[in-house]
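How does one get from a computed value to a word such as "buried" or "partly exposed"? The questions and answers here go through that step with care.

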Amino acid sequence: MNVDSVDRPAKAILHADLDAFYASVEQRDNPALRGKPVIVGGGVVLASSYEARQKGVKTAMGGSEARRLCPEAIVVEPRMSVYSQASKEVFAIFEDVSPLVEGISIDEAFIDVTGLWRLVGPAPAIAQSIRRKVREEVGLPISIGVATTKFLAKVASVSAKPDGLWVVPEGGELDYLHPLPVRRLWGVGAITEEKLASRGLMTVGDIAGVSPEQLSGWVGKASAHHLSALAHNRDPRRVVVGKRRSSVGAQRSLGTRRPIGRLEADNVVLELVDRVTDRLRKGERVGRTVTIRLRFNDFSRATRSRTLPQATGATEPVLRTCRDLLEEVWPEVKERGLTLLGMSISNLDDAHAVQLSLPFARRSRDDADTAIDSIREKFGRDAISPVTLLGKRGIEMPMLPDDIPARSG
Ligand SMILES: [Mg+2]
């Protein structure tokens, strides 16, 4: 045991995977589908609810076979734009937690939270809070596996399903992995499984017990190398932040249906803008289009957006725009109640591309943001925020006290 590891834990990687994604969105939006077998897609099955899976329905199965297995299933047409919006909202939650998010598909991502344990907490607590937020803010079930490698986190999220959390503790990797059937190893399909079974290799532990040389005689050199590595949980791949996203956003569920006051709504906007512009600046990006997103008591939604004359990553212009938009929509909020408030910035560009064209007057506010950012870098996110700077006054613009150091280096 390395003494150092007490201070610096091994990698902490989450694999987050929405459960029966399209089918869950349909069940979310139509209460009549909840608890029932649901198949998305009239031709080939694009997704199916767990109730339909229990009858043997599988993704990519032909529609007629699926209906034969589960005649009582309710078949719905896919609504891709709704799924894509839900996916964006879920990814915004991931990215609010860690900058290291690697999207694998519309409903699946790796999230590296190694660096967060000191400031935010241990990985299992972070995973639970993501699950709670996805449930509360997007209304969907998500399973998360937590482990020290990407590969194992993905194996663990399968163990977590449905709607669960599975943590493989550091040091306990092989205890978890070795009893699993070989099929659970990434890259093992029916054919390889059969080849391995014919040699008496049924579990991952069986594979770990034979040499790669011996194994390569049975499944080929490349496969053997790969399987051996996985069976010993050797997976050095890092979480790679994928293609840059086209928008950055955050949202907050307001929970109870009690009427929300203007001041309270304003403070939520302030907090969201602070989070989003902080992320923009960390990614060295700027954006032009500001959107606020609202969900009313009856679950209907509305958005309002405005495009700024100049791309920015600064807090103030974005906050001002959000407040204007909120003002516009406020009569509706008063009438219909508010259960969720979100905001995002799109039309993104690299910060360097526009820095030179920023008017000089704009710089002082940018310096204020820079000061906040550098304090956070040293002392953590909660060390300072416009909200705490505001005290209880809430609705006025955040003003920085003079004694906050400017750029630290
Ligand atoms: Mg999934």
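What follows is a set of questions and answers about this predicted model.

Q: What makes up the protein as a whole, in helices and strands, and how much of it counts as buried?
A: The protein has 17 helices and 12 strands, and of its 409 residues 48% count as buried. Among contacts between residues at least 6 apart in sequence, 66% join residues at least 24 apart.

Q: Why is Glu 316 called buried or exposed?
A: Glu 316, which is placed in helix α14, has a relative accessible area of 16%, and because buried means under 20%, Glu 316 counts as buried. The side chain of Glu 316 is also joined to that of Arg 320 by a polar contact of 2.7 Å, a value that lies within the 3.5 Å set for such a pair of N or O atoms.

Q: Why is Ile 74 called partly exposed?
A: The relative accessibility of Ile 74 is 28%, and since the partly exposed class lies between the limits of 20% and 50%, Ile 74 belongs to that class. Ile 74 is in strand β4, which covers residues 74–76.

Q: How do you know which residues are in contact with Ile 74?
A: Contact means heavy atoms within 4.5 Å, and, with neighbours within four places in sequence left aside, Leu 33, Lys 36, Pro 37, Val 38 and Ile 39 are in contact with Ile 74. Leu 33 is 41 residues from Ile 74 in sequence, while their C-alpha atoms are 7.7 Å apart in space.

Q: What makes Asp 17, Leu 18 and Asp 107 donors of the magnesium ion?
A: Asp 17 (OD), Leu 18 (O) and Asp 107 (OD) coordinate the magnesium ion at 2.1 to 2.4 Å, and because donors are N, O and S atoms within 2.8 Å of this metal, these atoms count as donors. Along the chain the donors follow the spacing D-L-x88-D. Asp 17 lies in strand β1 and Asp 107 in the loop between β5 and β6, so the pair ties together parts that are 90 residues apart in sequence. Both Asp 17 and Asp 107 are buried.

Q: Why is helix α2 called mostly covered?
A: Eight of the nine residues of helix α2 (residues 21–29) are buried, including Phe 21, Tyr 22 and Val 25.

Q: What describes the packing of helices α13 and α14?
A: Two packed helices are described by the angle between their axes and the distance between the axes. For α13 (residues 262–282) and α14 (residues 315–336) the angle is about 145° and the axes are 9 Å apart, and the crossing is right-handed. By class, their contact has nine nonpolar, two polar and five charged residues.

Q: What makes the phi values of Asn 233 and Asn 347 worth a remark?
A: Most residues other than glycine have a negative phi. Phi of Asn 233, however, is near 55°, and phi of Asn 347 is near 65°, so each value is positive in a residue other than glycine. Asn 233 lies in the loop between α12 and β9 and is buried at 11% relative accessible area, whereas Asn 347 lies in strand β12 and, at 44% relative accessibility, counts as partly exposed.

Conventions. Residues numbered from 1 in each chain as written. Predicted model: local features only at pLDDT ≥ 70, side-chain atom pairs only at ≥ 80, totals over all residues. Heavy atoms only, no water. Axes fitted to C-alpha atoms, helices over the stretch in contact; angles between N-to-C directions. Helix = DSSP H or I, 4+ residues; strand = E, 2+ residues; numbered from the N terminus. Left-handed = near helix turned anticlockwise from the far one by under 90°. Nonpolar A, V, L, I, M, F, W, Y, C, P; charged D, E, K, R; others polar. Donors = N, O, S within 2.8 Å, 3.2 Å for Na, K, Ca; no water. Buried < 20%, exposed > 50% of the residue type's maximum accessible area, 1.4 Å probe, protein only. Polar contact = N/O pair within 3.5 Å; in protein donor to acceptor, adjacent residues only side chain to side chain.
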